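Let's take a stroll through a protein model, with a few aromatic rings as our starting point. Have a look at the structure first, then read on.

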Amino acid sequence: MATGRARAKAREAPRESVLAERFAVFAECLLTGVWIAVASLPLITWPAAFAAGSRHLRRRTGHEAGGWREFTADFRAAVRGGWIVGVAGWAAVAAAWIDVQAVRAGIPGGPLVGAVGLFALLGLAVAVLRAAAVWVPGVSWRTLLADAGRRTVLDPAGSFLLVGGLAVVACSAWIIAPLAVPVLGAVAAAAVAVEERHRHRHRLR
């Protein structure tokens, strides 16, 4: 009898509309973007910030509890090895900048070197985002990046989607700099979605 009443109450309980749920997830992405931006202020911590942000969004879409405290705990765990990835990322940016300067200086072969450098930088950025999207405490960043590098090449559609997300961040920063901050959360959400799509397709094979 009690079980029947509980089921009846569950059926009668108002459910959140699909539109409201999606708007809530969108708002959570924007808030997560602010968290990611704050955690990335030391510059070399940006991979760890994206890892913590992605894990927070995975909890949100999985209807699990979690907030700023959980994000902070994840960030502290991710930054232990993630700062090395951050340093490598900035080194790649410096190398790409040198390639661009070679192009502007008119050095023979400069355009080719510049194109290769920018392409490699984009590939590295996408691989780091894909690694961050599946990060969990205790997993080596080296392992995550090796696997993410393979997925970056084998799943070009998902990789191009993330390149588009990075382009949106760049355009937002170019037009209105503060607008790029919440967009970072959308990029993290896109990385999570790309990885979930790849995992689902791989499971169906």
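Before we start, one bit of vocabulary: a residue is called buried when its relative accessible area is under 20%, exposed when that value is over 50%, and partly exposed in between. Keep in mind too that this is a predicted model.

**The aromatic rings**

With those cut-offs, Trp68 counts as partly exposed, because its relative accessibility is 44%. Trp35 has a relative accessible area of 12%, so this residue is buried. Phe71 is buried as well, at 1% relative accessibility.

How many aromatic pairs does the structure hold? There are three. In one of them, Trp35 and Trp68 meet edge-to-face, with 5.4 Å from centre to centre and 65° between the planes. This pair links distant parts of the chain: Trp35 sits in helix α2 and Trp68 in helix α4 (residues 68–104), 33 residues apart. Trp68 also pairs with Phe71, and here the rings are stacked, 5.5 Å centre to centre with 20° between the planes. Trp68 and Phe71 both belong to helix α4, three residues apart, which is about one turn of the helix. Put together, Trp35, Trp68 and Phe71 make one aromatic cluster.

**The nonpolar core**

Now for the inside. In soluble globular proteins, nonpolar side chains tend to be buried together. Here the largest nonpolar core has 36 residues, and Phe50 and Trp141 touch the most other members. The elements giving two or more residues to this core are α2, α3, α4, α5 (110–133), α6 (141–154), α7 (156–175) and α8 (180–204). Which element gives the most? That's α8, with eight residues.

What does Phe50 touch, leaving out residues up to four places away in sequence? The list is Ile36, Leu129, Ala132, Leu184, Val187 and Ala188.

**A patch on the outside**

Not every nonpolar residue hides away. Leu43, Ile44, Trp83, Ile84, Val87, Trp90 and Val93 form a nonpolar patch on the surface, and together they have about 610 Å² of accessible area. One of them, Leu43, lies in the loop between α2 (18–39) and α3 (46–61). Its relative accessible area is 49%, so Leu43 is partly exposed.

**Two more stops: Val134 and Thr152**

Val134 is in the loop between α5 and α6, while Thr152 is in helix α6. Is Val134 buried or partly exposed? It counts as partly exposed, because its relative accessibility is 30%. Thr152, at 14%, counts as buried.

Setting aside neighbours within four places in sequence, Val134 is in contact with Arg58, Leu144, Arg151 and Glu195. The C-alpha atoms of Val134 and Ala148 are 9.1 Å apart, with their positions 14 residues apart along the chain. Thr152, with residues up to four places away again left out, touches Gly123, Val126, Ala127, Arg130 and Ser159.

Here are some accessibility values side by side:

| Residue | Relative accessible area | Class |
|---|---|---|
| Trp35 | 12% | buried |
| Trp68 | 44% | partly exposed |
| Phe71 | 1% | buried |
| Leu43 | 49% | partly exposed |
| Val134 | 30% | partly exposed |
| Thr152 | 14% | buried |

Notes: Residues numbered from 1 in each chain as written. Predicted model: local features only at pLDDT ≥ 70, side-chain atom pairs only at ≥ 80, totals over all residues. Heavy atoms only, no water. Patch = residues over 30% accessible without salt bridge, like charges linked within 9 Å, V, L, I, M, F, W, Y side chains within 5 Å. Areas by Shrake-Rupley, 256 points an atom, 1.4 Å probe, with all protein chains shown as cover. Salt bridge = Lys/Arg side-chain N within 4 Å of Asp/Glu carboxyl O. Helix = DSSP H or I, 4+ residues; strand = E, 2+ residues; numbered from the N terminus. Buried < 20%, exposed > 50% of the residue type's maximum accessible area, 1.4 Å probe, protein only. Phe/Tyr/Trp six-rings, centres within 6.5 Å; stacked < 30°, edge-to-face > 60°. Core = buried A, V, L, I, M, F, W, Y, C linked by side-chain atoms within 4.5 Å. Contact = heavy atoms within 4.5 Å.
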